[in-house]
Amino acid sequence: MNAFLSERTLDARPAAVLWDMDGTLIDSEPLWLASELAMLGRYGIELTSEIRDSLIGSGLRAAARRFQELGVPMTVDDIIAEWTAGVIAGLSAEEPMWRPGAVELLESLRDSGIPCVLVTMAVREIADAVVALLPDRLFTHIIGGDEVPHEKPHPEPYRMGAALLGVDIEACVALEDSVTGLRSAHASGAVAFGIPNLIDLSDAPAHEVWPTLVGVDAAVLGERYAAHRGAPSATVSPAVRGPFQYGDRVQLTGPKGRLNTITLVHDGEFHSHRGVIPHSDIVGRPDASVVANSSGEEYLALRPLLSDFVMSMPRGAAIVYPKDAAQILSLADIFPGARVVEAGVGSGALSLHLLRGVGPEGALFSFERRDEFAEIATGNVVAFSGSVPENWTVTVGDLQETLPAVCAAGSIDRVVLDMLAPWECVDVAADALAPGGVLICYVATVTQLSRTVEQIRRSGEFAHAQASETLVRGWHVEGLAVRPDHRMVAHTGFLVTARRLAPGTVLPELKRRASKSDFSETDLGSWLPDLGPEDEAPASAEVWTPEAVGERTKSDKVLRKKMRETQQFARERGGELPGSDSAVTD
């Protein structure tokens, strides 16, 4: 998943239409398949349907590396060159197989004055050969896969298309036939429409999926664009004060202090072994009211606080506990209007706190390596907020690769790293931060803590790092019985904070007793294996694994279940999920 945008008021017609080529504009997949089969057959390798489907929409370099993994003994460049020659030969020998309705739509867009850009992962040579077969002036610009720094599903190709025209990507429509391409288009901020060809797009992040382009002209496309961009969203966010309403999350506390959290829906009921409370009995009552069930048992009804919500929401990964989230907001000085980078999103608990901290004037850029976690986090944020906040984007990918493409150097006020190996991202975080900005890292173990601080020190880009741990112990207070609770939330993680130095600044060394704290590379290597002498240190990826630091991971099956739960969770609250036509209401 990629960046998510909520609806906003824009012009009633798109500023441009950005087209994928293979499978969307022209049915060139048979030409690619012929070249691929010829190559694999030469080396006695079978192309399974699963491998073929995984290649649809992907970048050529990624596909070539996949062929190397299958056993093709050629370089990436040589593989791509052979494919290119085969496809161009096929285009010259056969009549082009345009996708139904595609050329007619292009001509309608041209006649209406809406520019089109071809954004393909095929090399520019193939793109030029395809466009040469079309009527004149249908495309204003062409972007080939060999001309982009990041291939799809990265959002950069589509953003480049909008930049060539000097228009806002949010004012553009993107047309795609693959899941990979739709991830790229949707993450870029464009209105993404899917037109399936060889693979099913029902689970792809598209604003809409159309069976064909037949009958679609500039007017129809503009109408569907306007449905997503031309009017303010009708979604009603859950109320934060006032009488309860349908869609609100309500926390019911029974006589024994047990908490039950429900979402108010039409014709809904809360059941316990002692009786029933119709949801309609709660709707219209003020917050913090008492309501009785069918047997007369009383419950206190409250809107959950943010801390209550994050502790009860569906989880795909371990959450950042409220005690640590509060410290992060304080120690990093998350202020209204701040531009904050967060990696990774986990289940969205910290994202919710950061969004509240930056306020509507600020911006939160979240990065996550796994699609499943991005989906779960988005569902939880939608469940709490009612829709995806306009000032929040989620980019799926490695932070080191994606951050420079999403955020300009020196444009970020705060960077929050909640990941297995934050030291790997210290340099890219330093590039993104403005001088004086704050880097804050959340780690679970002392070995991670030590490794992170050492990398911050070695980088030379930050002031001296500070480390802390927050422990919270509740107290039982009742009459004269005042004592600590028997249970407490003890260690969850360490926080490391450091301020970004101005470029070229050399930090003065701290005065200390050298005899007490001097250490060598060998000393570090005995404690942190990848920090020893270079000829002895193992690769970082071999040392720092989730299992090595005791991190509990969930299976793919459990994650898929959590994704379904968060989507249902959001719908129950009347939330608008990314890619839906409109808000889902009861």
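## A nonpolar surface patch

Val482 is placed in strand S20, which covers residues 481-484. In this predicted model, the residue is partly exposed, with a relative accessible area of 46%, a value that falls between the limits of 20% for buried and 50% for exposed. Together with Trp475 and Val477, Val482 forms a nonpolar patch on the surface, and the accessible area of these residues together is about 320 Å².

## The four-stranded sheet

An open sheet is built from four strands in the order S8-S7-S12-S11, and the pairing within this sheet is antiparallel. Strand S8, residues 259-263, and strand S11, residues 289-292, stand at the edges with a single partner strand each, so that one side of each is left without a neighbour in the sheet. On average, and with direction ignored, neighbouring strands of this sheet are turned by 35° against each other.

Within this order, strand S7 (residues 249-253) and strand S12 (residues 298-302) run antiparallel and are joined by three bridges. Thr253 has Leu300 in S12 as its bridge partner. In general, strands of a sheet pair through backbone hydrogen bonds, in either the parallel or the antiparallel sense.

## The S9-S10 hairpin

Strand S9, which spans residues 269-272, pairs with S10 in the antiparallel sense over four bridges, and the connection from S9 to S10 is a hairpin through two residues. The bridge partner of Ser272 is Gly275 in S10.

Gly275 also takes part in an alternation along strand S10, residues 275-278: Gly275 and Ile277 point to one face and are buried, whereas Val276 and Pro278 point to the other face and are not buried.

## Aromatic pairs

The structure holds four aromatic pairs. One of them is formed by Trp19 and Phe139, whose rings are arranged edge-to-face, with 6.4 Å from centre to centre and 85° between the planes. Because Trp19 lies in strand S1 (residues 16-19) and Phe139 in the loop between helix H6 (124-131) and strand S3 (141-143), the pair ties together parts that are 120 residues apart in sequence. Both Trp19 and Phe139 are buried.

## Cis peptide bonds

Lys152 and Pro153 are joined by a cis peptide bond with an omega of about 20°, and Pro153 lies in the loop between S3 and helix H7, the latter covering residues 156-165.

A cis peptide bond also joins Ala343 and Gly344, where omega is about -10°. Gly344 lies in the loop that runs between strand S13 (339-343) and helix H13 (349-358).

## Positive phi angles outside glycine

Ala288 has a positive phi of about 65° although this residue is not a glycine. Ala288 is placed in the loop between helix H10 (279-282) and S11, and at 46% relative accessibility the residue counts as partly exposed. Strand S11 is one of the edge strands of the open sheet described above.

Asp333, likewise not a glycine, has a positive phi of about 55°. The place of Asp333 is in the loop between helix H12 (322-331) and S13, and with a relative accessibility of 44% Asp333 counts as partly exposed.

Methods
Residues numbered from 1 in each chain as written. Predicted model: local features only at pLDDT ≥ 70, side-chain atom pairs only at ≥ 80, totals over all residues. Heavy atoms only, no water. Pairing = 2+ DSSP bridges. Axes fitted to C-alpha atoms, helices over the stretch in contact; angles between N-to-C directions. Buried < 20%, exposed > 50% of the residue type's maximum accessible area, 1.4 Å probe, protein only. Patch = residues over 30% accessible without salt bridge, like charges linked within 9 Å, V, L, I, M, F, W, Y side chains within 5 Å. Areas by Shrake-Rupley, 256 points an atom, 1.4 Å probe, with all protein chains shown as cover. Salt bridge = Lys/Arg side-chain N within 4 Å of Asp/Glu carboxyl O. Phe/Tyr/Trp six-rings, centres within 6.5 Å; stacked < 30°, edge-to-face > 60°.
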